[in-house]
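The following exercises concern a single protein chain. Each task is followed by a solution that proceeds step by step.

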Amino acid sequence: MTDTGYSIGEMCKEFQVTPRTLRFYEAKELLFPVRIGQKRLFTKRDRARLKLILRGKRFGFSLEEIRQLLNLYDLGDQQVTQMARTYELGLERLKAMEDQRDELNSAINDLKEQLVWGEDFLASKGVKLAAE
C-alpha cells in the first residue's frame, strides 16, 4: 500500500481477482478508486467493499443486491438498516441454497437408483462393466 492507497496489482494479488474484475466492479459502481492520471488507487474502504462483494457473490447474491446493500452503509444509522437488510436477504438466500441442495440430493439418489437398475440389466445380458 502506498500513502494514498492500494494499487490494482496489490488488490488483484490479495483477493485473487483480475484487473478486469476490478474495472468491472468500478463500472458497476461497487468500487470507487482514486484516479491519478491513468493509475487507480484503491482505498481501505474499497478494500473492505471488495471483500464484501466477493463474499456476497460466493453466497449467490446478485451484483445489484450487493450494490444496494453496500450503499446502505452511508445512511448514518450505525449500519442498522444495512445489517437488517443483509440479514433478511441472507435468510432468503440460505433457504434457496438449502432447497437447491435438497433437489440435488434427490437427483443424486435417483441417478444412483437408475445406475443400479442399469447394472442389473446389463449383468442379466452378460455385459461386464468397466467399473467392475
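**Exercise 1: Aromatic pairs**

In helix α5 (residues 80-124), Trp117 and Phe121 lie about one helical turn apart, because four residues separate them. The model examined here is predicted.

Task: Determine how many aromatic pairs the whole structure holds, and classify each of them.

Solution.
1. A search of the whole structure yields two aromatic pairs.
2. Phe24 and Tyr25 have ring centres 6.0 Å apart and planes at 55 degrees, and this pair is tilted.
3. For Trp117 and Phe121, the centres are 5.6 Å apart and the planes differ by 15 degrees. Planes under 30 degrees apart count as stacked, and the pair of Trp117 and Phe121 is accordingly stacked.

**Exercise 2: Accessibility of the paired residues**

Task: State whether Tyr25 is buried or exposed, and then do likewise for Trp117.

Solution.
1. Buried means under 20% relative accessible area, and exposed means over 50%.
2. Tyr25 has a relative accessible area of 3%, so Tyr25 is buried.
3. Trp117 has a value of 56%, so Trp117 is exposed.
4. Their partners are partly exposed: Phe24 has a relative accessible area of 39%, and Phe121 has 39% as well.

**Exercise 3: Surroundings of Leu69**

Task: Locate Leu69 and identify which residues it contacts beyond its neighbours within four places in sequence.

Solution.
1. Leu69 belongs to helix α4.
2. Its relative accessibility is 9%, so Leu69 counts as buried.
3. Beyond those sequence neighbours, Leu69 contacts Gln82, Arg85, Thr86 and Leu89.
4. The C-alpha atoms of Leu69 and Met83 are 8.4 Å apart, although 14 residues separate them along the chain.

How values were computed. Residues are numbered from 1 along each chain as its sequence is written. This is a predicted model: local features need pLDDT of at least 70, side-chain atom pairs count only at pLDDT 80 or more; totals for chains, interfaces and linings use all residues. Side-chain values use heavy atoms; hydrogens and water are left out. Helices (H or I, at least four residues) and strands (E, at least two) are DSSP runs, numbered from the N terminus. Buried means under 20% relative accessible area, exposed over 50%, partly exposed in between (1.4 Å probe, protein chains only). Contact means heavy atoms within 4.5 Å. Rings of Phe, Tyr and Trp (its six-membered ring) pair if their centres lie within 6.5 Å; planes under 30 degrees apart count as stacked, over 60 as edge-to-face and the rest as tilted.
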